[in-house]
Amino acid sequence: MWMPLLRAELYKIFKKPRTYLGFGVIAAVTLVIQLAMYANGQSFVDFVLQGIQEQFDVEGNILNGYLVTYIILNLLLAQVPLLVALVAGDALAGEAGAGTLRLLLTRPIGRTRLVLAKFTASSIYAILLLLWLAVIGLGLSLLVFGRGDMLNFTADRLIMLLSDDIFWRYLGAFGFAALALITISTLALFFSAMAANAIGPIVSTMGVIILMTIITNLELPLFQAIKPFLFTTHMVAWKGFFNEPVPYGAMLQSALIMLAYILVLLGATIFVFKRKDIQT
Amino acid sequence: MAIPIIEAKNLTKHYGSIVAVHDLSFAIPPGVIYGFLGQNGAGKSTTMRMLLGLIHPSSGEVFILGKSLRKEGARLLRHIGAIIERPDLFGYLSGWDNLRMMANLSGQDISDQHLHDLLKLVHLQGREKEKVKGYSQGMKQRLGIAIAMAHNPDLLVLDEPTNGLDPQGIAQMRELILQLSREFGKTVLISSHLLYEIEQMADQMLIIHKGRKMVEGPVHELLHADETLVEVNYRPHPEMAALVAASQWVALVQEVHEDRLVLKMKPALVPELNRWLVEKDVAVQQLSTRHSLENYFLNLTQEQDSYVDAPATRRTLQNL
């Protein structure tokens, strides 16, 4: 029963035109950044390196595919949660609003199994978005800009990563980003279980992300105590893969906190949905 | 006695202080068409949703083939196929995709051939590739029936299946439901506020009003289905009561007034009544039959309303 249910959920997701909006947005934003880098990338690099070039000779293909992908990820990974929320927020509430939820629940599938199938399908969608980003972002950037050592500016230092030492870092970063997006997806699914139309859960999810991001970025003593427990603090931890050395301990902690969010939110979704009266 | 296909025991549903369904019990034996009758807002859909586990009862329990739905969970729903209110289907999918997908979710291995046979049964063969959003209401209802039938359930639960259909669609739906019962031996629970529909189809029926059971039993016993109410309106005739008293119609009279006469009788006697009225020089303005179920239903609900409203009325009078 599990596989037919999951297949049905995936089939429904990929039969909706809205689903492809996410893939389209990612392609459009990525191509715009790549085009901008292709046209004016060298002056961008010169601007970034102006302080360093006075003291060091910087040679080689600095504007390479790895650097362009890093710029794309920095700009885009903050926006992808909206695309994930569009699908996960619609998962239960959209079906409740359309009346198809009662059609589904007259089948012997069970509510817990339905929530788990929708969670899995939404997670698969989030992972596919990231795979698409990997193909069009990393793949196309490497094709157009070539390979090279990557310069990464952090707040207090410049890190140089050798060309042969970068690809695995992207694999790790995409994996970490997948965990972050699944956290967002689960949050949207939780709101979705409580609503009867998709707008509320999508807006609520974005509201929570915006609020938590603001708190994360505000350097105020008031928020210092809660920051370590906000998932938005840990969503950007993928950047740790481009540090030297990689802060594995802190990243593992971030991953565990997001995993805890996923488990708690998923449990809460099942709890709420099992007790819900289907009135629509 | 056979185990009921489905049984409701003391079902009650509160929404805050509002009681949607109150202490409702009934059992549906195998093989019957069971009519569930009530006005809009009487609690029919809430009850049917409780039977399917869509709404959790405030108290009471549902049993499917003798097993508790609360304890056994959704797996018992494999015995049931249902359309609740209207068949809201996946409009962006084709009829076939809807049917195939929902069949796959029944937990049984269902062949394409079986589904094609069902499409033929509901007269949708040749239209299955079209997207459902382009279907008429009648087509959606019929596809809903096919989906409900896909896993060959013991019981079909159909909530207002003729809602939104044109007269031809209603007739087709009625024929289909009777066919499912007679040819395929399905037990059918059908709700409606269209009294005539229940009278045409059901073997047994239950009437609820304001969430409470009013009456339950075989339709023919409850209604004396071979008799109907005949109402005659005529120009005022002061001697009418005396004329009727001296005639063969006296035993059938329900009401007699100067300008109106109501009799309970077999429809075959109507022409004879008409001849008698002409002989007696009664200037008939209108002669009409009233469905006995409609009358029965209205009588019951009006009695109930009087009963329910009486304390409030008494309180109002006392306050005066």
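In the predicted model, Thr12(B) has Ser59(B) as its bridge partner in β4(B). This contact belongs to the pairing of strand β1 (residues 6-15) with strand β4 (residues 59-64) of chain B, which is antiparallel and extends over 5 bridges. Within this pairing, Ile6(B) stands opposite Ile64(B) of β4(B). Ile6(B) also has a bridge partner in β2(B), namely Ile28(B). The pairing of β1(B) with β2(B) is likewise described by 7 bridges in the antiparallel sense. These two strands form a hairpin with 2 residues between them, in which Gly16(B) adopts a positive phi near 65°.

The strands just described belong to an open sheet of 4 strands in chain B, arranged in the order β2-β1-β4-β5 with antiparallel pairing. Because β2 (18-28) and β5 (67-68) of chain B each have a single partner strand, they stand at the edges, and one side of each is left without a neighbour in the sheet. Helix α1 (residues 44-51) of chain B lies across β1, β2 and β4 of that chain and runs at about 120° to β1(B). Strand β2 of chain B also contains Asp23(B). The phi of Asp23(B) is near 50°, a positive value in a residue other than glycine. Most residues other than glycine have a negative phi, and most peptide bonds are trans.

A second sheet in chain B is also open and consists of 6 strands in the order β6-β7-β8-β3-β9-β10, with mixed pairing. The edges are occupied by β6 (80-83) and β10 (212-218) of chain B; each has a single partner strand, so one side of each is left without a neighbour in the sheet. From one strand to the next, the twist averages 15°. Strand β3 (residues 33-37) and strand β9 (residues 204-209) of chain B run parallel and are joined by 4 bridges. In this pair, Leu37(B) is found opposite Ile207(B) of β9(B). Helix α6 (residues 167-182) of chain B packs on the sheet and touches β3, β7 and β8 (187-192) of chain B, its direction making about 140° with that of β3(B). Helix α5 (residues 137-149) of chain B lies across β6 and β7 (155-159) of chain B and runs at about 165° to β6(B).

With regard to domains, chain B is divided into domain 1 (6-222) and domain 2 (228-289). The C-alpha centres of these domains of chain B lie 42 Å apart.

In chain A, strand β1 (residues 150-153) and strand β2 (residues 158-161) run antiparallel and are joined by 4 bridges. The two strands, β1(A) and β2(A), form a hairpin with 4 residues between them. Met150(A) stands opposite Leu161(A) of β2(A). Elsewhere in chain A, the peptide bond from Glu244(A) to Pro245(A) is cis, with omega near 0°. Pro245(A) is located in the loop between α10 (231-235) and α11 (248-275) of chain A.

The search for internal space gave 3 cavities of 30 Å³ or more. The volume of the largest cavity is about 150 Å³. It is lined by 13 residues, of which the closest to its centre are Ile13(A), Lys16(A), Val87(A), Asp90(A) and Ala91(A). Four helices of chain A, α1 (2-15), α2 (17-49), α4 (80-98) and α6 (111-145), each supply at least two residues of this lining. The helix that gives the most to the lining of the largest cavity is α4(A), with 4 residues. Classified by type, the lining of the largest cavity comprises 4 nonpolar, 2 polar and 7 charged residues.

The second largest cavity holds about 90 Å³ of space. Its lining draws on both chains and includes Gly99(A), Arg102(A), Leu103(A) and Thr106(A), together with residues of chain B, among them Ala82(B), Ile83(B), Pro87(B) and Gly144(B). Two elements, α5 (100-105) of chain A and β6 of chain B, each supply at least two residues of this lining. The lining of the second largest cavity divides into 6 nonpolar, 3 polar and 3 charged residues. Strand β6(B), which contributes to this lining, is also an edge strand of the sheet of 6 strands in chain B.

Definitions and conventions. Residues are numbered from 1 along each chain as its sequence is written. Chains are lettered from A and ligands numbered from 1 in the order in which they are written. This is a predicted model: local features need pLDDT of at least 70, side-chain atom pairs count only at pLDDT 80 or more; totals for chains, interfaces and linings use all residues. Side-chain values use heavy atoms; hydrogens and water are left out. Two strands pair if DSSP finds at least two bridges between them. Axes are lines fitted to C-alpha atoms, for helices over the stretch in contact, and angles run from 0 to 180 degrees between N-to-C directions. Contact means heavy atoms within 4.5 Å. On a 1 Å grid over the protein atoms alone, a cavity is a set of points where a 1.4 Å probe fits but cannot get out, and a pocket is an open set with protein on both sides within 12 Å along at least five of seven lines; lining residues have an atom within 4 Å of a point. Grid points are joined across faces, edges and corners, and a volume is the space filled by probe spheres set on the points. Ala, Val, Leu, Ile, Met, Phe, Trp, Tyr, Cys and Pro count as nonpolar, Asp, Glu, Lys and Arg as charged, and the others, Gly among them, as polar. Domain bounds come from an automatic or database domain assignment.
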